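Thanks for coming. I will talk about cysteines for a minute, and then about one interface between two chains.

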Amino acid sequence: MSEAQVLLEVKDLKKHFPIHRGVFKKVVGHVKAVDGVSFRLRAGETLGLVGESGCGKTTVGRMIMGAYRPTSGNVWFQPPNGQPRIDLADIRPKQMKPLRRHIQMVFQDPFASLNPRMTVRQILAEPLVVNKVAKGRELEARVRELVELVGLKLIHLNRYPHAFSGGQRQRISIARAMALYPCVIVADEPTSALDVSVQAQIVNLSLEIQDKIGVAYLFISHDLGLVRHFSKKIVLMYVGRVVEYAPAEPLFARPRHPYTEALMSNVPSTRPEMVGHKIILEGDPADPINPPSGCPFHPRCLYAEEMCATVEPPLMEVEPEHLVACHFADVLNLTGCDALGCAV
Amino acid sequence: MNQDKIRAEKYLNASTRQLIWWRYKKHLLAMAGLFCIAGLYVVTIFCEFLAPYDKATFHVDAIYAPPSSIRIFDQDGKIRRPFVYACTLEIDTETQQMCYVEDTDERFPIRLFVRGDTYEFWGLWESDLHLFGVDAPGHVFLLGTDRMGRDMFSRCLYGTRISLSIGMVGVFLSLVLGLTLGGISGYMGGWPDGLIQRIVEVIRCFPSIPLWMGLSAAMPPHWPALKVYFAITIILSLVGWTDLARMVRGKLFALREEEFVLAARFAGAGHARIIFRHLLPSFMSHIIVTVTLAIPGMILAETALSFLGIGLRPPITSLGVLLKEAQNVTTIALYPWLLIPVFFVILIVLSFNFVGDGLRDAVDPYSR
Amino acid sequence: MVPTLEVQNLRVHFMLDEGVVRAVDGVTFSVRDGKTLGIVGESGSGKSVIGQSILRIVPPPGRIVEGKILLRMENEDGTKGRLDLAQLDPNSRQARSIRGRDVAMIFQEPMNSFSPLHTVGNQIIEALRLHSDVSKNEARNRAIEMLGKVGIPRPEHRIEAYPHQLSGGMRQRAMIAMALVCNPRVLIADEPTTALDVTIQAQIVELLKQLQEEFGMAILFISHNLGVVAEISHDVLVVYFGRVMEQAPVDVLFREPLHPYTRALLKSVPGIDTPVRSKLATIDGTIPEPSELIPGCPFFGRCDQCGGDSVCQDTPYVLTKVAENHSVACPLVCVAG
């Protein structure tokens with residue numbers, strides 16, 4: 001089976017936010033929000049970007065969207081019309097504009113991401129109008145098509161966002177993102193503000209749209225269970241760095257990084273009999289302003305040895321397509337999800 | 001049940017403006033304030049017609065006349081249409097004070113739509129029709145007269161016109177300044193923001209009354225009244241725009257990071273569309289609130305300036321100019337009605353404040 | 001033995017312009033010493049209001065209109081009695097003395113329960129001295145001890161820290177320390193782990209369990225997260241639209257849920273046995289309008305079991321016991337069972 005085309009290739013992406021102090025805004029340090037992240041997203045597939053808060057996953061998404069300029073690294077994007085690929089990290093806003101329609105975003109907070117002063121019709125029409133894709137009757141037809149795509153009704157078109165529940169708003173958000181038929185959607189925690197039953201609806205809808213239209217998702221989430229359900233491949237981040245990057249199945253069957261193992265065991269399970277297997281990590285996630293030397297995870301790691309504190313482990317391929325940043329990836333025999341019986 | 005459904009449907013389809021209005025309507029004081037302001041503006045538009053006399057007409061026979069008492073019972077206790085008695089000036093031989101004595105023999109009924117002083121309505125046409133009045137030689141002074149025998153009621157109406165308009169014009173100028181400078185500050189950030197913020201801080205550091213005094217002292221004394229009027233509004237707004245600029249800037253900073261603005265940017269919307277479609281409508285209502293709350297400040301400032309004698313000057317009649325007459329304690333003790341313009345000031349300021357408060361509560365209809 | 005806390009037929013109503021919102025509509029449960037009762041529900045289910053009404057901090061226009069909240073008290077003369085918290089004036093001295101001393105609460109956002117102007121230590125000391133007669137030094141030692149017990153490293157230094165100087169997890173620990181410093185008999189935990197990362201969440205859950213073993217307090221754990229509730233609770237209460245839909249011991253509830261709502265909730269979370277990319281079970285429709293008056297099953301219309309059976313709509317809501325410790329409010333289950 002030939003693999004689908006690589007749409008997005010992120011290479012050694014870094015974003016360091018300067019910290020200013022004092023009257024003269026002297027730079028006193030940097031928040032290393034993203035510190036060397038690489039992955040590939042292929043057409044029509046889902047890549048899960050997982051990590052705890054502050055690990056830089058949102059910043060990665062925003063950099064792909066062009067909201068922040070990376071400190072270094074590349075974001076290669078392959079436009080669908082066969083043009084040569086372009087580095088989004090090194091591009092002027094003017095050049096970015098025609099590319100925007102291919103990459104769209106769904107936000108976390110369904111209450112903040114819709115302009116309360118616009119009707120659903122206006123919200124959905126906006127991307128079509130500003131990109132001069134459609135107008136008049138055609139525009140209306142496209143808007144109606146979108147509304148149906150996300151399972152809303154035509155009577156909803158004239159309503160304002162306040163009239164909708166969180167789940168419905170998220171549907172509108174998805175419809176807006178789909179308006180230009182992009183090939184990549186960056187979904188930043190699209191369900192974490194929703195109740196579980198509504199979350200399931202949005203998950204189903206997203207899968208349905210992917211099957212129908214073949215859009216690729218970069219699914220940013222902290223919820224391993226959801227990511228497992230969704231993604232073909234998973235990138236695990238810790239303090240701005242990738243700790244493990246692998247296809248979902250082998251990752252859950254046998255994680256190679258101690259952090260992945262701990263994270264899996266910590267997902268709360270509805271099976272009370274499984275409680276004994278938790279790996280409780282000590283302490284808090286590392287501080288991105290002042291990350292620990294060597295492996296950033298070593299202060300919390302159960303298996304850490306002397307060298308972990310001094311030598312930073314590179315991201316190595318331990319199995320085909322399975323990349324891990326751990327010195328002992330080959331030696332450790334970590335417990336996967338099945339053995340843990342955890343929820344994911 | 002069905003009624004509920006219709007109501008729910010109405011709520012679901014309501015626009016932001018409707019939601020704001022529904023919420024505003026619940027605020028009783030704000031509604032009262034709104035009616036008062038609407039009434040006052042009607043007064044300012046039609047004040048030539050509503051006032052029984054011209055603001056400059058003086059009555060030699062009625063200097064410092066107290067407010068006329070309007071009666072409906074005559075000497076014999078019979079009910080008649082409202083009337084006033086004729087008054088004659090007498091000097092109290094003991095205290096050497098002027099006092100007016102009602103002459104109960106002569107009644108002047110109050111009539112509607114009487115002919116009186118001629119005026120030019122908004123400079124458009126000439127007329128001498130007044131809403132009410134009495135036949136000559138009688139006088140009706142609802143709020144008494146001043147030292148030249150000019151009707152205080154009429155003068156208050158004219159004064160309200162000037163004071164209200166100065167508030168509007170002044171705030172409009174501040175708005176233009178505040179929106180532009182605050183907008184640049186908030187949207188661009190960086191060094192323009194730093195510069196504008198420092199300017200704002202410097203202006204806010206000046207004690208306002210000496211600053212006004214200095215600026216008005218710089219005005220050539222031979223300027224005609226109209227020019228003074230405009231100069232004063234400009235002075236007031238030059239000082240007053242800073243609050244607005246800060247509000248606009250703060251709001252823009254917050255909105256710029258809002259996800260719906262980001263979403264528009266990611267959809268490919270340009271600066272103009274983001275500003276006019278997303279940012280401006282979102283804080284328009286906040287601007288209206290700030291403006292409503294700024295108007296009374298302007299009016300009070302003008303009143304204060306004129307009261308000190310460095311603002312508007314006669315023949316322009318503003319509430320402050322009227323109050324200047326009541327600067328001395330003996331005058332107030334003898335002719336307390338000269339202080340009546342204060343009540344107009346209070347009414348205007350309170351109304352604007354109530355409206356502003358009501359709007360502020362209503363403006364964010366999504367917070368429950 | 002008398003339960004530590006017993007709530008009987010609690011009703012809390014909010015009188016709004018739109019009508020009466022029955023946020024809590026006839027809820028009954030009890031917790032014993034050393035046990036944890038999990039209260040699960042989606043947003044708008046009224047689960048937080050239950051916690052607030054026990055502490056008598058329901059925000060206006062909410063009001064307890066009916067029901068009893070019986071807290072077991074040990075009087076000074078050693079006799080035992082029960083105090084009905086629902087009868088107390090929320091602003092009375094007695095209510096204030098119970099808050100914090102007998103019943104304590106921890107919240108989702110610890111920043112809100114600490115004053116940013118005082119050190120964490122001072123706030124814990126103050127909480128302690130408010131309720132018990134101890135010297136300043138003693139209180140300080142006790143605060144340090146408590147901070148150590150909740151797993152804050154170097155507590156004798158951290159006691160001088162301001163809330164903003166602590167990380168999210170550490171703040172949550174400090175709040176737990178403050179809540180437990182007076183040794184309350186009931187701890188109400190309102191979504192205490194929702195704002196935390198999974199690794200920190202696991203730490204906090206572990207900590208609460210460990211502290212419960214040590215102090216023996218009863219915990220009321222309010223959460224929307226089924227997994228967390230499953231891990232910490234002994235018994236679980238599933239609430240929907242202000243009413244209890246199902247109540248059972250934790251292993252029973254998660255192994256053999258009976259109420260269609262509980263089942264639907266459990267199925268909508270992807271688990272290990274859910275095939276990847278399969279369609280997840282959803283619950284159609286939305287929770288009814290809060291001011292609506294529903295005499296029957298509030299889940300009617302969204303339920304995939306009853307299929308529009310009018311029995312469900314017409315049978316008045318009642319929580320029926322189906323087994324020892326297991327009650328369900330579903331006409332279908334109860335009639336069939």
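For the cysteine part, a disulfide here means a pair of cysteine sulfur atoms within 2.5 Å. What you see is a predicted model. Over all chains, the structure holds zero disulfides.

Why does A:Cys301 have no such bond? The closest cysteine sulfur to that of A:Cys301 belongs to A:Cys308, and at 6.3 Å this is too far for a bond. A:Cys301 counts as buried, because its relative accessibility is 18%. In chain C, C:Cys303 is likewise buried, with 15% relative accessibility.

Now the interface of chain B and chain A. Chain B brings 27 residues to the contact, and chain A brings 32 residues. Between them the two chains bury about 2,600 Å², and 54% of that is on carbon and sulfur atoms. On the chain B side, the most area is lost to chain A by B:Glu259, B:Phe266 and B:Ala267, which together make up 27% of what that side buries.

How many salt bridges are there between chain B and chain A? The count is two. B:Glu259 forms a salt bridge with A:Arg62, where the closest N and O atoms are 3.7 Å apart. Eight residue pairs are in polar contact across this interface.

As for the side of chain B that touches chain A, the elements giving two or more residues are α1 (2-12), α2 (16-25), α9 (259-266) and α10 (271-308) of chain B. The most comes from α9(B), with seven residues. By type, that side divides into 14 nonpolar, seven polar and six charged residues.

How values were computed
Residues numbered from 1 in each chain as written. Chains lettered and ligands numbered in written order. Predicted model: local features only at pLDDT ≥ 70, side-chain atom pairs only at ≥ 80, totals over all residues. Heavy atoms only, no water. Buried < 20%, exposed > 50% of the residue type's maximum accessible area, 1.4 Å probe, protein only. Contact = heavy atoms within 4.5 Å. Buried area = accessible area lost by both parts, 1.4 Å probe. Salt bridge = Lys/Arg side-chain N within 4 Å of Asp/Glu carboxyl O. Polar contact = N/O pair within 3.5 Å; in protein donor to acceptor, adjacent residues only side chain to side chain. Helix = DSSP H or I, 4+ residues; strand = E, 2+ residues; numbered from the N terminus. Nonpolar A, V, L, I, M, F, W, Y, C, P; charged D, E, K, R; others polar.
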